[in-house]
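Please look over the sequence and the structure below before reading on. The report that comes after them is written for someone meeting this chain for the first time.

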Amino acid sequence: MTGNTPGKGPDQGDDDFSTGLATKTRPTVKKPSLYRVLLLNDDYTPMEFVVHVLEKYFNKGQDEALQIMLHVHQNGVGVCGTFTYEVAETKVTQVIDSARSNQHPLQCTMEKE
Ligand code: TYC
């Protein structure tokens, strides 16, 4: 298992000195919502550029990047990865900015898991 165990952090105290009552408090730990980052197919962006984007911004190896690119090419859309909201938003911006800089129409978006 990885990650934190809700309710068992080191700050969990048995005594509430502000009220003089001995209480067990369970800190509320919420898992963040996750978002899929999607690449969309188009007719103009070179395949090599899409592979490069997947390697650079999504830390994919050559083989997986090629597979994802081909999936998008054949199916119209594909998942690059799943992230918390702010990370997903950053990735979408990075991909679109990079595509624009290179004059490619590549589109990238995100959706709640
Ligand atoms: N369809 C593009 C081509 O034939 C390649 C491509 C793949 C474009 C994936 C965008 O998200 C994409 N050059």
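The text below goes from the whole chain to single residues.

This is a predicted model, in which local features need pLDDT of at least 70 and side-chain atom pairs count only at pLDDT 80 or more, while totals for chains, interfaces and linings use all residues. Residues are numbered from 1 along each chain as its sequence is written, and side-chain values use heavy atoms, with hydrogens and water left out.

**The chain as a whole**

The chain holds 3 helices and 5 strands, where helices (H or I, at least four residues) and strands (E, at least two) are DSSP runs numbered from the N terminus. Along the sequence these elements follow the pattern β-β-β-α-α-β-α-β. Of the 113 residues, 28% count as buried; buried means under 20% relative accessible area, exposed means over 50%, and partly exposed lies in between, with a 1.4 Å probe and protein chains only. The accessible surface comes to about 8200 Å², and 49% of it belongs to carbon and sulfur atoms; such areas come from the Shrake-Rupley method with a 1.4 Å probe, and for residues only the protein chains shown count as cover. Among the contacts with a separation of 6 or more, 65% are accounted for by residues 24 or more positions apart, a contact being heavy atoms within 4.5 Å.

**Strand 3 and its partners**

Strand 3 (34-40) pairs with strand 4 (residues 77-84) in the antiparallel sense over 7 bridges, and 6 bridges join strand 3 to strand 5 (residues 107-112), again antiparallel; two strands pair if DSSP finds at least two bridges between them. Leu40 stands opposite Val77 in strand 4, and the bridge partner of Leu40 in strand 5 is Gln107. Tyr35 also lies in strand 3 and counts as buried because its relative accessibility is 14%. The C-alpha atoms of Tyr35 and Thr82 are separated by 5.4 Å, although the two are 47 residues apart along the chain. Not counting residues up to four places away in sequence, Tyr35 touches ten residues' worth of neighbours that include Thr82, Phe83 and Met110.**Loops and helices**

Thr45 sits in the loop between strand 3 and helix 1 (47-58) and is buried because its relative accessible area is 11%. Leaving out residues up to four places away in sequence, Thr45 touches Val50, His104, Pro105 and Leu106, and its C-alpha atom is separated by 9.6 Å from that of Asn102, 57 residues apart along the chain.

Lys91 lies in helix 3 (residues 85-101) and touches Tyr57, Phe58 and Phe83, not counting residues up to four places away in sequence. Lys91 is buried yet has no salt bridge, and the nearest side chain of opposite charge, Glu64, is 13 Å away. A salt bridge is a side-chain nitrogen of Lys or Arg within 4 Å of a carboxyl oxygen of Asp or Glu; Lys and Arg count as positive and Asp and Glu as negative, with His and the chain ends not counted.

Most residues other than glycine have a negative phi. The table lists two residues with a positive value.

| Residue | Place | Phi | Relative accessibility |
|---|---|---|---|
| Asn59 | loop between helix 1 and helix 2 | near 55° | 65%, exposed |
| Gln103 | loop between helix 3 and strand 5 | about 60° | 74%, exposed |
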